[in-house]
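The following exercises concern a single protein chain. Each task is followed by a solution in steps.

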Amino acid sequence: MSQKDENGETVNSATLNAFTLFFIGIFTFIWTLQSSQNVLTDLKVVVQEPSAFYAVMWLAIVSTITGNYLQGEAFKHISSEVASIILTTQPLWSAGIACLVLDEHLTSTELSGGFLLVVAFILNTLNLFDKM
C-alpha cells in the first residue's frame with residue numbers, strides 16, 4: 001500500500017518497512033559489537049555450526065521480517081486509533097506473556113509503568129482531553 005508524504009509524493013510502505021528493518025539490523029549489530037566481549041566467538045560458532053546458523057536465520061526471517069511485514073499489512077486494514085492502541089499496549093502483552101510462559105517476575109517499577117500505560121489508554125479511549 002502506498003501513502004503520500006508531506007510533499008505529496010507516493011511512498012511505498014513496504015519499502016519504508018524494509019529500510020526500517022535494515023537499519024535496525026545494522027544498529028543492533030553495532031550495539032552487539034560494542035557491548036559484548038565474546039561476540040566474535042559467538043559469531044564464529046554461528047558461522048561454523050550449521051544448526052546455529054539456521055536458527056539465527058529462522059529468527060531473522062520468520063520472527064522478525066515476516067512478523068513485521070504482516071503487522072504492517074494488518075495495520076492497513078484498521079484505523080490509526082486502533083493501531084496506536086495495539087502498539088501502545090504491546091509492552092503489556094509482552095510482559096504478560098513473559099510472566100505466563102517464561103515465569104518472569106515483574107518489579108514494582110515495571111508494574112507501575114504498566115499501570116500508567118493502562119491509565120493513559122483508558123483516558124485516551126474516553127476522550128476526556130477532547131472534552132476540555
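Helices (H or I, at least four residues) and strands (E, at least two) are DSSP runs, numbered from the N terminus. The model is predicted: local features need pLDDT of at least 70, side-chain atom pairs count only at pLDDT 80 or more, and totals for chains, interfaces and linings use all residues. Residues are numbered from 1 along each chain as its sequence is written, and side-chain values use heavy atoms, leaving out hydrogens and water.

**Exercise 1.** State how many helices and strands the protein has, and give their pattern along the sequence.

Solution. The protein has 5 helices and 2 strands. Read along the sequence, these follow the pattern β-β-α-α-α-α-α.

**Exercise 2.** Locate Met-57 and classify its exposure.

Solution. Met-57 lies in helix α3, residues 50-75. Buried means under 20% relative accessible area, exposed over 50%, and partly exposed in between (1.4 Å probe, protein chains only). Because its relative accessibility is 33%, Met-57 is partly exposed.

**Exercise 3.** Compare the expected span of α3 with its end distance, and find its bend.

Solution. The expected span is 1.5 Å times one less than the number of residues. For the 26 residues of α3 this gives 38 Å, and the end C-alpha atoms are 36 Å apart, which agrees. A bend is the angle between axes fitted to the seven residues ending at a residue and the seven starting there; α3 bends by about 25° at Thr-66.

**Exercise 4.** Describe the backbone and setting of Asp-103.

Solution. Asp-103 sits in the loop between α4 (80-102) and α5 (108-126). Most residues other than glycine have a negative phi. Asp-103, not a glycine, has a positive phi of about 60°. With a relative accessible area of 54%, Asp-103 is exposed.
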